[in-house]
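Here is a walk through one protein chain and its ligand. Keep the model open as you read.

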Amino acid sequence: MKRLPAGALKALKIAHVVCAQVWLGSVVAVFFYGLHCFNSGLGGPAAAEMVGLIPTLYQRVVLPFGVAMIVQGLVYGLFSQYGFVRLRWIRIKWILMFFVMILTGAGSIRSVLETIRKLNAGEITSLAPSDGLQFFVFVAGQIALLCTITAISVLKPKDGKAGNGKTAAAN
Ligand code: HEM
């Protein structure tokens, strides 16, 4: 496959790092918004509307940046020397990305939709932190994995040793 020219690779890297920042930052913001919701003590339609903003935030902000990261990963894989499976740190990034997606879709979004259903059905009369426990665990997991991916990206470890970027890039 044809390699990207150096200038395009630099532009891709800037876009990649900016998207990584926004993605991680937006998940942290969702976590704190969740704290606000589940500590509000609100019930009924007001609570359902408040919590309902969480899936909207995921849909409008978090997921588009997640998709952008996957697209950039595909571009790196197809059009650069990094490839998909050649380097261990890239393989680890793909695996961790997969788990971030699972924790997002089957984790936090699903658990918030369940909370909204319970609020609408009257099974929860007023929000308490314990109602959001699952949600917080899933979002904390996403944050932890995204921080790990960031650390792996910067350190670019190879063969079990943490090499510096220069050594690993030349790998
Ligand atoms: C699986 C999808 C991903 C692939 C294939 C991928 C691939 C890459 C590659 C090849 C580089 C080196 C770019 C260069 O030096 O020219 C890079 C850098 C970087 N990536 Fe990713 N990435 C992915 C996902 C992520 C995610 C999810 C994050 C963080 C949330 C992230 C954060 C970074 C950062 C911060 C750098 C810059 C590291 C540095 O040069 O010091 N990446 N990525």
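In what follows, Ala, Val, Leu, Ile, Met, Phe, Trp, Tyr, Cys and Pro count as nonpolar, Asp, Glu, Lys and Arg as charged, and the others, Gly among them, as polar. This is a predicted model: local features need pLDDT of at least 70, side-chain atom pairs count only at pLDDT 80 or more, and totals for chains, interfaces and linings use all residues. Residues are numbered from 1 along each chain as its sequence is written.

Start with the whole chain. The protein chain has 5 helices and 0 strands. Helices (H or I, at least four residues) and strands (E, at least two) are DSSP runs, numbered from the N terminus. The order of elements from the N terminus is α-α-α-α-α. The C-alpha trace spans about 60 × 30 × 20 Å along its principal axes. Of the 171 residues, 19% count as buried. Buried takes 20 or more other C-beta atoms within 10 Å of the residue's own, exposed 12 or fewer, and partly exposed lies in between; C-beta atoms are placed from the backbone.

Now the contacts. Two residues are in contact if their C-beta atoms, placed from the backbone, lie within 7 Å. Take the contacts with a separation of 6 or more: 79% of them join residues 24 or more positions apart.

Next, helix 1 (6–38). Helix 1 has 33 residues and reaches 48 Å from its first C-alpha to its last. That is close to the 48 Å expected at 1.5 Å a residue, where the expected span is 1.5 Å times one less than the number of residues. Its buried residues are W23, V27, V30, G34, C37 and F38. They pack against helix 2 and helix 4.

Turn to the ligand. It is surrounded by 22 residues, each with its C-beta atom, placed from the backbone, within 6 Å of the ligand. The closest are A20, G73, Y76, Y82 and S153. By class, the shell has 14 nonpolar, 6 polar and 2 charged residues. Which helix supplies the largest share of the shell? Helix 1 does, with 7 residues. Helix 1, helix 2 (44–79), helix 3 (88–121) and helix 4 each supply at least two.

Finish with two lysines. K2 sits in the segment before helix 1. K2 counts as exposed because it has 6 C-beta neighbours inside 10 Å. K156 lies in the loop between helix 4 (133–155) and helix 5 (165–169). K156 counts as partly exposed because it has 19 such neighbours inside 10 Å. Its phi is near 45°, a positive value in a residue other than glycine. Most residues other than glycine have a negative phi.
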